[in-house]
Amino acid sequence: MIHHVQLACPPGSEQLSRDFYEGVLGLTEIPKPPLLAARGGCWFRGHGIELHLGVEADFRPARKAHPGLMVEDLDHWARRLGEAGYPVDFADDFPGMRRFHSVDPHGNRLEFLSPEGGRP
C-alpha cells in the first residue's frame, strides 16, 4: 500500500499548486504538520489518492517519473485538463488501458489512465 506520492515544486509556488490540484483536479488541501509546514509546499487528498508537493530550492520538473492516476471517465479528465490549458497527450501503447499524459503547472509529468471498457 502506498500512503502518498510526493512531487517537487519551486519555492513560492504553493498557490499555483492549489489552483491546479484543487481547482483543476478537484483534490482537497489537507493541513501539513506544523514542523513540516514551515518547509513550504502543500498536501492534497481526494479520488483515492494523496499527493504531497515539496519545495526544492533547485527545482527541476519530473519529466519521466510520474504518478499514474487511475480515474473513471478518462475523456472527462482529458477535457477538463485541456479546457484549463494543460496538454493532453493520449498514448495507445499500454495493452488493456486507455491513458494520457499531462503536466502540472510546474512541469511535472502526470499520467491518467483507465481500463479499456470499464471502471478502474
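## The largest pocket

The lining of the largest pocket is made of 8 nonpolar residues, 2 polar ones and 1 charged one. This comes from a predicted model. The pocket holds about 170 Å³ of space.

Which residues line the largest pocket? They are Leu25, Leu27, Gly46, His47, Ile49, Leu69, Met70, Val71, Glu72, Trp77 and Phe112. As a reminder, rolling a probe the size of a water molecule over the atoms shows where empty space is left.

## Overall build

The protein has 3 helices and 8 strands. Read from the N terminus, the elements follow the order β-α-β-α-β-β-β-α-β-β-β. The radius of gyration is 14 Å, close to the 14 Å that the globule rule gives for 120 residues, so the protein is as compact as a globular protein of that length. Along its principal axes, the C-alpha trace spans about 45 × 25 × 25 Å.

## A sheet of four strands

One open sheet has 4 strands in the order β5-β8-β7-β6. Its pairing is mixed. Why is one side of β5 and of β6 left without a neighbour in the sheet? Strands β5 (68–70) and β6 (89–91) stand at the edges, and each has a single partner strand, so one side of each stays free of a neighbour there. On average, neighbouring strands of this sheet are turned by 30° against each other, direction ignored.

Strands of a sheet pair through backbone hydrogen bonds, either parallel or antiparallel. Here, β6 and β7 (residues 97–103) pair in the antiparallel sense over 3 bridges. Asp89 has His101 in β7 as its bridge partner.

## The helix across the sheet

Helix α3 (residues 74–83) lies across β6, β7 and β8 (109–115). This helix runs at about 15° to β7.

Definitions and conventions: Residues are numbered from 1 along each chain as its sequence is written. This is a predicted model: local features need pLDDT of at least 70, side-chain atom pairs count only at pLDDT 80 or more; totals for chains, interfaces and linings use all residues. Side-chain values use heavy atoms; hydrogens and water are left out. Two strands pair if DSSP finds at least two bridges between them. Helices (H or I, at least four residues) and strands (E, at least two) are DSSP runs, numbered from the N terminus. Axes are lines fitted to C-alpha atoms, for helices over the stretch in contact, and angles run from 0 to 180 degrees between N-to-C directions. Contact means heavy atoms within 4.5 Å. On a 1 Å grid over the protein atoms alone, a cavity is a set of points where a 1.4 Å probe fits but cannot get out, and a pocket is an open set with protein on both sides within 12 Å along at least five of seven lines; lining residues have an atom within 4 Å of a point. Grid points are joined across faces, edges and corners, and a volume is the space filled by probe spheres set on the points. Ala, Val, Leu, Ile, Met, Phe, Trp, Tyr, Cys and Pro count as nonpolar, Asp, Glu, Lys and Arg as charged, and the others, Gly among them, as polar. The radius of gyration is taken over C-alpha atoms; the globule rule is 2.2 Å times the number of residues to the power 0.38.
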